[in-house]
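The exercises below concern pockets, a ligand, a cavity and the backbone. Work through each task before reading its solution.

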Amino acid sequence: MTRTTTGAFGHPYRAIPGPSVMPERVLRAMHRGAPDIYKGELHDLVARLCDDLRAVAQTGGGVAMYIGNGHAAWEASAANLFVRGDRVLVPAAGLFGLTWAGHLRGMGVEAEVIASARGLPVDPGQVEAALRADGEGRIRAVMATHVDTATSLRTDLAALRAAIDAAGHPALLVADCIASLACDEFRMDAWGVDVALAASQKGLMTPPGMCFLWVGERAREAGRRPGGGAGQGAGLRTPHWAWEPRIEGAEFSQRFNGTAPTHHLYGLAEALEMILREEGLARVWARHERLAGMVWAAFEAWGQGHPQIAMLVGDPAHRGRSVTAAQLDDGARLRAWLEQEAGVTLGVGLGMASAADPQASGFLRVAHMGHVNTHMTLGVLAAMEAGMTALSIPHGPGALDAAARAAGR
Ligand SMILES: *Cc1c(COP(=O)(O)O)cnc(C)c1O
């Protein structure tokens with residue numbers, strides 16, 4: 001692209017919710033020749049990685065790794081848990097839950113969606129009621145998105161578990177943590193999550209290309225149900241997606257059903273070293289909390305007296321810590337200005353309106369996930385303020401002061 005201005009030259013920052021900013025160290029760890037996949041160092045590395053992945057999800061469950069993105073994690077979990085015709089409940093607080101439900105239907109699973117109004121969480125009471133109404137226990141799982149990357153709404157997973165238990169229902173709790181893992185606090189075992197899903201390119205600070213399933217005992221048991229045959233519907237488990245060989249296969253090659261994603265594994269090991277042993281998981285969560293607080297403080301100020309600027313999730317208790325979605329009239333113009341004049345790329349609004357709808361351009365998302373710190377987030381906010389000023393987009397004063405104060409909290 002030919003630029004007529006100079007403001008964008010320098011280090012670009014893609015503040016989009018995945019792929020996130022990757023540490024140079026992670027990229028350097030990947031810059032090497034091919035390792036031996038049959039013995040030695042790589043096998044030790046994978047054993048260590050499984051322990052680290054368990055630690056990052058706070059679980060003692062099994063870990064299955066796949067070459068694939070987040071959608072592959074959706075498919076992998078469904079393939080192991082369900083047979084065609086099974087029913088699941090999808091509490092959807094935004095686009096990702098709806099898309100997930102569509103994906104499940106595409107695999108032959110009957111997905112019943114309980115959707116909330118934009119910016120509001122799904123009421124766990126509704127989930128409980130739907131489970132109580134399922135007297136025959138046909139619903140096999142509740143499939144919840146931890147942080148919806150489109151609205152930035154965070155779902156209280158422990159409250160969903162409590163709703164399932166209150167209904168006395170055997171449904172499993174499956175959590176899509178793709179946008180939240182290693183950003184938002186997540187405690188798989190303590191919160192009663194049976195299966196958690198994530199991908200490499202968001203909080204885990206590694207290039208896209210790997211996804212992960214953490215599988216608790218009850219889910220592994222459910223996955224042993226025979227599929228196919230008379231009366232049992234068509235099994236969805238195929239050799240490539242089957243999680244047991246990946247969790248506990250006797251042969252190393254079973255862990256990836258073939259060649260391992262060798263270089264991703266080196267990058268991931270470096271990222272987990274940084275997350276778990278250098279910064280520490282609690283501090284990683286605290287850093288994202290603080291960065292999110294800075295962004296929220298700025299939006300609050302911009303929106304004072306200017307209701308056309310507003311975060312989609314009004315209540316901070318329900319906001320994810322990795323991304324902030326907002327309505328901002330002229331959002332598309334502001335995004336273009338930031339890219340061309342400031343070297344900052346913000347996320348587009350997702351699922352807010354159809355492309356033909358004039359409202360579609362009035363949304364944007366600021367990501368603050370992964371290898372991001374105070375100066376980067378303050379820089380994005382200051383650049384946004386500069387863009388709004390340059391484009392004469394009306395906004396309330398004091399956003400940068402408010403963000404700076406939040407940074408010092
Ligand atoms: C990014 C994301 C996905 C999809 O991941 P891909 O790697 O793009 O397939 C699914 N769910 C959530 C919550 C996400 O943030």
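**Exercise 1.** Into which classes do the residues of the shell around the ligand divide, and how many fall into each?

Solution. The shell divides into five nonpolar, six polar and two charged residues. Here Ala, Val, Leu, Ile, Met, Phe, Trp, Tyr, Cys and Pro count as nonpolar, Asp, Glu, Lys and Arg as charged, and the others, Gly among them, as polar. The model is a predicted one, in which local features need pLDDT of at least 70, side-chain atom pairs count only at pLDDT 80 or more, and totals for chains, interfaces and linings use all residues. Residues are numbered from 1 along each chain as its sequence is written, and side-chain values use heavy atoms, with hydrogens and water left out.

**Exercise 2.** Find which residues come nearest the ligand, and list its contacts.

Solution. Start with the shell: 13 residues surround the ligand, and His71, Thr149, Asp176, Gln201 and Lys202 come nearest. A residue is near if one of its heavy atoms lies within 4 Å of the molecule. Helix H3 (residues 70-81) supplies the largest share of this shell, three residues. Helices (H or I, at least four residues) and strands (E, at least two) are DSSP runs, numbered from the N terminus.

Next, take the polar contacts, which to a ligand are pairs of N or O atoms within 3.5 Å.

- Threonine 149 places a polar side-chain atom 2.4 Å from an oxygen atom of the ligand.
- Aspartate 176 has a polar side-chain atom 2.7 Å from a ligand nitrogen atom.
- Glycine 70 contributes a backbone N or O atom, 2.8 Å from an oxygen atom of the ligand.

Last, consider the surface: the ligand taken alone exposes 380 Å², of which the protein buries 89% (Shrake-Rupley method, 1.4 Å probe).

**Exercise 3.** State in which pocket the ligand sits, and describe that pocket.

Solution. The ligand sits in the second largest pocket, meaning that more than half of its atoms lie within 2 Å of the pocket's grid points. On a 1 Å grid over the protein atoms alone, a pocket is an open set of points with protein on both sides within 12 Å along at least five of seven lines, while a cavity is a set where a 1.4 Å probe fits but cannot get out; lining residues have an atom within 4 Å of a point.

This pocket holds about 270 Å³ of space. Its lining has 18 residues, with Phe96, Thr149, Ile178, Gln201 and Lys202 closest to the centre. Helix H3 gives the most, three residues. By class, eight are nonpolar, seven polar and three charged.

**Exercise 4.** Describe the largest pocket and its lining.

Solution. The volume is about 430 Å³. Among its 18 lining residues, His11, Pro12, Tyr13, Arg14 and Val21 lie nearest the centre. Strand S1 (13-15), helix H1 (24-30) and helix H12 (374-390) each supply at least two residues, and H12 has the largest share, four. The lining has 11 nonpolar, five polar and two charged residues.

**Exercise 5.** Where are the cis peptide bond and the positive phi?

Solution. The cis bond joins glycine 18 and proline 19, with omega about -5 degrees. Proline 19 is in the loop between S1 and H1. Methionine 205, although not a glycine, has a positive phi of about 60 degrees. That methionine 205 lies in the loop between strand S7 (195-199) and strand S8 (210-215).

Terms used:
Points joined across faces, edges and corners; volume = space filled by probe spheres on them. Polar contact = N/O pair within 3.5 Å; in protein donor to acceptor, adjacent residues only side chain to side chain.
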